[in-house]
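Me: Please take a close look at a single part of this model, and tell me how its side chains are placed relative to the rest of the chain. I would like one connected account, with the cut-offs behind each term.

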Amino acid sequence: MKNFIQDFKNFAIKGNMIDMAIGIIIGTAFNNVINTLVKKIIMPPLSLMTDDVNLSSKKYVLREALGTAQEVAIGYGEMLEVLIDFLIIALTIFVVIKGFHRFKSKAEDPQNKEVETPKNIELLASLEKLMQEQNALLRDKKI
């Protein structure tokens, strides 16, 4: 049991769990922003353009409500709103990740002086350069 607790502490301290928690919190807040954007900003003008059709209330009734039996319906309007939410979130994440990868590729290039290269990449680049020099010296000695 002690090993399990120690492994969990190492996992949490190294940042994986903290990064994941931060991502979930930001993602939840971002989801609320997008939901509000779709429901309060995008859908009202769309409703005006379609003669006051409220998409979220659109449904296909399978069985009407009779007495104590509840209505059974397929709510396709809500599904359309959720799809709009998803498309906006997916597009935003795509743009952010694409920008992140562009910045990361610049940072990993030791010759690029615009962005500070991480120390591990600099060390690997130095090792590669030393190995190339060593190979050139060995080739020269064989000739």
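**A close look at helix H3**

Reply: Read from the N terminus, the elements of the protein follow the order α-α-β-β-α-α, that is, 4 helices and 2 strands, where helices (H or I, at least four residues) and strands (E, at least two) are DSSP runs numbered from the N terminus. This is a predicted model, in which local features need pLDDT of at least 70 and side-chain atom pairs count only at pLDDT 80 or more, whereas totals for chains, interfaces and linings use all residues. Residues are numbered from 1 along each chain as its sequence is written, and side-chain values use heavy atoms, with hydrogens and water left out.

As background to the helix, buried residues (under 20% relative accessible area; exposed is over 50%, partly exposed lies in between, with a 1.4 Å probe and protein chains only) make up 11% of the 143 residues. The accessible surface, by the Shrake-Rupley method with a 1.4 Å probe and, for residues, with only the protein chains shown counted as cover, comes to about 12300 Å², of which 65% belongs to carbon and sulfur atoms.

Helix H3 spans 76-107 and, together with strands S1 (60-63) and S2 (72-74), is one of the elements that give two or more residues to a nonpolar patch on the surface. Such patches are made of residues with over 30% relative accessible area and no salt bridge, nonpolar side chains (Val, Leu, Ile, Met, Phe, Trp, Tyr) being joined within 5 Å and like charges within 9 Å. H3 gives the most, with 5 residues; the patch, which includes Tyr-60, Val-72, Met-79 and Leu-83, has about 840 Å² of accessible area together. Tyr-76 of H3 is partly exposed, because its relative accessibility is 40%.

Two acidic residues of H3, Glu-81 and Asp-85, call for a separate look. Glu-81 is buried yet has no salt bridge, the nearest side chain of opposite charge being Lys-39, 4.8 Å away; here Lys and Arg count as positive and Asp and Glu as negative, while His and the chain ends are not counted. A salt bridge requires a side-chain nitrogen of Lys or Arg within 4 Å of a carboxyl oxygen of Asp or Glu. Beyond its neighbours within four places in sequence, Glu-81 is in contact (heavy atoms within 4.5 Å) with Val-38, Lys-39, Met-43, Leu-55 and Ser-56. Asp-85 is likewise buried without a salt bridge, with Lys-39 as the nearest side chain of opposite charge at 6.0 Å, and, not counting residues up to four places away, Asp-85 touches Ile-34, Asn-35 and Val-38.

Ile-34 and Val-38 also belong to the largest nonpolar core, completed by Met-43, Leu-55 and Ile-89; a nonpolar core is a set of buried Ala, Val, Leu, Ile, Met, Phe, Trp, Tyr and Cys residues joined through side-chain atoms within 4.5 Å. Helix H2 (residues 16-49) supplies the largest share of this core, 3 residues. Outside its neighbours within four places, Ile-89 is in contact with Phe-30, Asn-31 and Ile-34.

For comparison with the two unpaired acids, the whole structure holds 1 salt bridge, in which the side chains of Lys-59 and Glu-71 meet at 2.8 Å, N to O. Lys-59 lies in the loop between H2 and S1 and Glu-71 in the loop between S1 and S2, so the pair ties together parts that are 12 residues apart in sequence.
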